[in-house]
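Me: I'm new to this structure and would love a close look at one single part. Could you pick a spot, tell me about it, and then show me how the rest is put together?

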Amino acid sequence: MLALAGVGWMMIAGRPIPLDLFVDLENLPRGLAAGLGAGALLLGLWALARRLLPAVRALEDGLAALIGRLDPSEAFALAVISGLAEEFVFRAVLLSDLGPWISLALFTVLHTGPGRIYLLWTAFAALAGALFTLLVLWSGDLLPAILAHVVVNAVNLRYLSARMPAESAPMPPE
């Protein structure tokens, strides 16, 4: 839905959606390395926060309960869909039309949750969104930001899902 809104926005603005918006083939290795490096950096920062702050572990309990059990293919599919859609909308559409601060603010607001404990998630999303914005401004395409976003979401979705006991997984229909 989010990606469709972005496509609609660009169509109304009369802007094309060229392939080089997503990937600069001449700089593909650099974009891949930057995206993987940024994803690893964000995962490392979150792991450090988990180790040092009990509130992060409590937040993960809440997020895990919201997400429930996912098999690896579901977690990966959600990571790819959300990474592509969010980077397209926030970094391709809103960044170019509204500027870095407003697009980052909207991205951050999208990543809020019920209760004060979710402010940690919102703060992490703001940091990640700022890094994704810098990647796009530096590279000129979405690939590094999409890759970093997908890596963070895929690893975190698998981690959170694995925290749920197997008996809490929904039963398949009979």
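Reply:
**A close look at Ala55**

Ala55 has a relative accessibility of 34%, so it counts as partly exposed; that class lies between buried, under 20% relative accessible area, and exposed, over 50%, using a 1.4 Å probe and protein chains only. Before going on, please note that this is a predicted model, in which local features need pLDDT of at least 70, side-chain atom pairs count only at pLDDT 80 or more, and totals for chains, interfaces and linings use all residues. Residues are numbered from 1 along each chain as its sequence is written, and side-chain values use heavy atoms, with hydrogens and water left out.

You will find Ala55 in helix H3. Helices here are DSSP runs of H or I with at least four residues, strands are runs of E with at least two, and both are numbered from the N terminus. Leaving out residues up to four places away in sequence, Ala55 touches Ile117 and Leu120, where contact means heavy atoms within 4.5 Å. Glu26 is 29 residues from Ala55 along the chain, and their C-alpha atoms are separated by 43 Å.

Now let's step back to the whole chain. There are 7 helices and 0 strands, giving the pattern α-α-α-α-α-α-α along the sequence. The C-alpha trace spans about 50 × 45 × 35 Å along its principal axes. Of the 174 residues, 41% are buried. Among contacts with a separation of 6 or more, 77% join residues 24 or more positions apart.

Helix H3 also has a part in the interior. The largest nonpolar core has 40 residues, and Leu21, Leu42, Phe88, Phe132, Leu135 and Leu142 have the most contacts inside it. Two or more residues of this core come from each of helix H2 (28–52), helix H3 (54–67), helix H4 (72–98), helix H6 (119–139) and helix H7 (143–162). H4 gives the most, with 9 residues. Such a core is a set of buried Ala, Val, Leu, Ile, Met, Phe, Trp, Tyr and Cys residues joined through side-chain atoms within 4.5 Å.

Leu42 is a good place to see this packing. Setting aside neighbours within four places in sequence, Leu42 is in contact with Phe124, Leu127, Ala128, Leu131, Phe132 and Val152. If you would like a path through the model, start at Ala55 in helix H3, then visit Leu42, one of the residues with the most contacts inside the core.
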